[in-house]
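The exercises below go with the sequence and the model shown next. Try each task before reading its solution.

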Amino acid sequence: MENKNYTIKDIARMAGVSAGTVDRVLHNRGDVSRASRDKVQKVLDEIDYHPNMFAIGLAAKKRYHIVCIIPYYIEHDYWHSVAADIDRAAQELRPFNVGVDYLFYSHADKASYETACAQLQSVVADGVLIAPNFQDDTLKLTSYLEDKKIPYAFIDFNMEQTHALCYIGQDSKVSGYIAAKILMRRYREGQELALFLNNQKNSPAEVQMQRRLEGFMQYLAAEHKNLTIHDVVLHKEDTAANEKVLDAFFSGHPKATLGVVFNSRVYQVADYLQKKNLKLDALVGYDLLQKNVEHLKNGEVNYLIGQRPGLQGYCGIKALCNHVVFKKPVTAVKYMPIDILMKENIDFYFEFE
């Protein structure tokens, strides 16, 4: 078709329907027969119609409210990156009468997560962005949202048994497989492997870690069946207790010179190695926290696997608004790139700019 600006009247004439019918189709207002909708859609496809989003925003009388349920954050941590780009998306969407607010919870704290989920029921929301934590509580939350016909999207990890509008994040199992593959490139005969795990390994809040571990072990089962593997359980916050655990482990296992951490706290192991003037032949961790990046540059960590947390937050807000405000289709799953960072390429990433 000739490239031109088509009016609603033009589209109505070409489809053989009324201008009011075209308006209802464009704004998804219902009260349109299947036959008429098909006629209009056929014309829209032929002319490659794209609505003027800025005009829609200026004309809209309704104000839209998006609520984000994510963990509390401190400067430069994983969730700080998520929130920063949520705010960037919110700024871009302000002309379209879209407001974005937060309900924060403490990660891996069930009571805190329950409180945030309960608070959502007391606010008006047109869409909800969720960083899911405890499975049972998340399922209760999503059941409530579905009953109220409020669309929701997941970031960080997916709960496939729900009816989320979309999931935006990393394929955790694949990222674990890749972590094993790059770590074992450094393997030499006789070396042993340490899995540095969270003290809540079986917690329903650690679903992503479990999926990474599953992918990691899948690679080892196929390629290194006879490898000696040790579980080293660390505490989330207790540095003194972790030092005792690591002292005992390394003194008793001198061949354990390969290591992996499946969450964002690889800096705990790297801090210890730096303090004791030790170095593993290879240590892999996740996420571009500032402390992790510093250890990557210094050599205590050899590889970091990034999952672009900021982009997850940005795309999550945009997806909800495409659905709620602009009535555009949304891709059900948007996987983030699996970035492999080392000291030679880390300066090309700008997570802390």
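**Exercise 1.** Where is the place of D287? Then judge its burial and its backbone.

Solution. D287 sits in the loop between β9 (282-286) and α12; helices (H or I, at least four residues) and strands (E, at least two) are DSSP runs, numbered from the N terminus. The model is a predicted one, in which local features need pLDDT of at least 70, side-chain atom pairs count only at pLDDT 80 or more, and totals for chains, interfaces and linings use all residues. Residues are numbered from 1 along each chain as its sequence is written, and side-chain values use heavy atoms, with hydrogens and water left out.

Next, burial. D287 counts as buried because its relative accessibility is 5%; buried means under 20% relative accessible area, exposed over 50%, and partly exposed in between (1.4 Å probe, protein chains only).

Last, the backbone. Most residues other than glycine have a negative phi. D287 is not a glycine, yet its phi is positive, about 80 degrees.

**Exercise 2.** Is K149 buried or exposed? Locate it and give its phi.

Solution. K149 lies in the loop between α7 (135-147) and β4 (152-155). Its relative accessibility is 72%, so K149 counts as exposed. K149 is not a glycine either, and has a positive phi of about 60 degrees.

**Exercise 3.** Which residues does S264 contact, leaving aside its neighbours within four places in sequence?

Solution. Start with the location: S264 is in the loop between β8 (256-261) and α11. At 16% relative accessibility, it counts as buried. Its contacts (heavy atoms within 4.5 Å) are Y286, D287, L289 and N292.

**Exercise 4.** At what angle do helix α11 and helix α12 pack? Describe the contact, then follow V266.

Solution. Helix α11 covers residues 266-275 and helix α12 residues 290-298; they pack at about 45 degrees, with axes 9 Å apart. Axes are lines fitted to C-alpha atoms, for helices over the stretch in contact, and angles run from 0 to 180 degrees between N-to-C directions. That angle makes α11 oblique to α12, given that angles under 35 degrees count as roughly parallel, over 145 as roughly antiparallel, 65 to 115 as roughly perpendicular and the rest as oblique.

The crossing of α11 and α12 is left-handed: the near helix is turned anticlockwise from the far one by less than a right angle, whereas clockwise would be right-handed. From α11 come V266, Y267, A270, D271 and Q274, and from α12 K291, N292, H295 and N298.

V266, in helix α11, counts as buried at 0% relative accessibility. Not counting residues up to four places away in sequence, V266 touches V261, L283, V284, G285, N292, V301 and L304. Its C-alpha is 9.8 Å from that of E300, 34 residues apart along the chain.

**Exercise 5.** How many of the 16 residues of α13 are buried? Check its span and its packing against α5.

Solution. Twelve of the 16 residues of α13 are buried, among them P309, Y314, I317 and V324. Helix α13 (residues 309-324) reaches 23 Å from its first C-alpha to its last, close to the 22 Å expected at 1.5 Å a residue; the expected span is 1.5 Å times one less than the number of residues.

Helix α5 (residues 78-93) packs with α13 at about 35 degrees, their axes 7 Å apart. The crossing of α5 and α13 is right-handed. Residues in the contact include Y78, D85 and R88 of α5 and L311, Q312 and K318 of α13.
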